[in-house]
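My notebook for today: I wanted to look up how the inside of this protein is packed, then see what the sheet looks like.

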Amino acid sequence: MRLVQLTVPTGKRQTILEMLDDRGIDYVVTDEESSRDYTAVVYFPLPAAAVEPILDEVHEAGIDEDAYTVVVDAETVVSRRFAELKAEYEESDVDSDRISRQELQAEADELTPTFEIFATMTIISAVVATAGLLLDSPAVVVGSMVIAPLIGPALGASVGSVIDDEELFRESVTYQAVGIVLAIAAAAVFAWTVKTTNIVPPGLDIAAVDEISERLSPDLLSLVIALGAGVAGIVSIATGISVALVGVMIAAALIPPAAAAGVAIAWGQPSAAIGSTVLVLVNVLSVNLAGLLTLWYVGYRPDNLFALSETESRVRRRVIGLVVIVLIFAVFLGAITYYSWEAGNFEKDARQEVELTLEEEYEQFQLLSLEVVMNDEYPFRGPERVVVTIGVPPGESDPDLANVIHERVNRHADEPVAVEVRYVQVVER
């Protein structure tokens, strides 16, 4: 439920009151004495679904957007006429859970902080995420998402597009672009400082850190996070539900990959930063695409009917452009996914070959572990070496076993893979 406070310009008082009477809307009128060009202030309650159509009718009656209009939440309205009005709009095609276009625009503006605050919080979030990645601490990484101020710009671009607010659209796009650059740069500077001051162990292999490695070689499943975050964000803002948790989800799609890219740059591995940078870009675009499609599907349109055709054409062009770019990036992520799938199959085949070799020719030996070491050719990594650890009785080993395993394992490799066999004496009592 909403309570609308509307200032009525001189000469429009009777028109507005007649329109409210015709609609069966209860109202209270107070005289305006501020010696401006307004004669009265009208207060009237509305169901949430009725705010947008009623305000549109008010504007059509001669109240322009410069008039002083306030829409606030109302906890309780006790009125028979209000109950009838609510039933009328609940039975119509208007979604009763959807907030008005005017409230949507105000909410999008409110979610976007000033540039100074946005830049500061983005840098802090990226630094915290970088620390969490280097510590291999999921809890710290999640904490960085909570403070990231990304939901406003991420959703503002979609809102600005569908309601024909180009200023909001341009501001949101600028914030997103600057935010990506700031996050990666802040992460790179912080990671380089940590590395040069030996806060982390010298010679740290970032590929061995799980929180980092999974973002250096992303796969197609990463798109699900971004698309889900975009839809959830728009649904939350459009229905007036708290967007705090959705903001964390959007930050999860952007901040950790940006921090991983910064870490890779600081470690002097720019090729390793390619995958995570692409992940950041595709996630940003996917959030915008999902938000744009959801808003248009829900039914948000510009208030000016003459701008509807132009806005629809603009939204269509942006959707097509986003879809094309996201598909290009999806092909890139698909290639990474394919290489990861190939590596997984290779490890499975290699293990089977070693087990069969021992079973057929070396029954006294037992396989203790098998590890496939990947190369550093990011983001399309492949197997470089297979390390096999075999348990043997004291004093026994077979130099030819390495050759046999090497030959059988390489049957499943596209390129030659080195094989390292380690013998561990096993004593049973």
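Entry 1, the core. I started with the largest nonpolar core, and it holds 76 residues. This is a predicted model, so I keep in mind that local features need pLDDT of at least 70. Which residues have the most contacts inside that core? I noted Leu-150, Val-162, Ile-212, Leu-216, Ile-250 and Trp-267. I wasn't too surprised to find a core like this, because nonpolar side chains tend to be buried together in soluble globular proteins.

Entry 2, one residue up close. I picked Ile-250 and asked what it touches, leaving out residues up to four places away in sequence. My list for Ile-250 reads Leu-150, Ile-151, Ala-154, Leu-155, Ala-229 and Val-287. Then I found a second, separate core of 20 residues, with Val-4, Val-8, Phe-44 and Val-58 among them.

Entry 3, the sheet. How many strands form the open sheet? I got 3, in the order β5-β6-β7, with mixed pairing. The edges are β5 (366-374) and β7 (418-425), and each of these pairs on one side only. From one strand to the next, the twist averages 15°.

Entry 4, a strand pair. I zoomed in on β5 and β6 (residues 383-392), which pair in the antiparallel sense over 8 bridges. One bridge I wrote down joins Val-372 to its partner Val-386 in β6.

Entry 5, helices on the sheet. Helix α13 (residues 308-361) lies across β5 and β6, and I noted that it runs at about 150° to β5. Helix α14 (residues 399-409) also packs on the sheet, where it touches β6 and β7. The direction of α14 makes about 140° with that of β7.

Notes. Residues numbered from 1 in each chain as written. Predicted model: local features only at pLDDT ≥ 70, side-chain atom pairs only at ≥ 80, totals over all residues. Heavy atoms only, no water. Core = buried A, V, L, I, M, F, W, Y, C linked by side-chain atoms within 4.5 Å. Buried < 20%, exposed > 50% of the residue type's maximum accessible area, 1.4 Å probe, protein only. Contact = heavy atoms within 4.5 Å. Pairing = 2+ DSSP bridges. Helix = DSSP H or I, 4+ residues; strand = E, 2+ residues; numbered from the N terminus. Axes fitted to C-alpha atoms, helices over the stretch in contact; angles between N-to-C directions.
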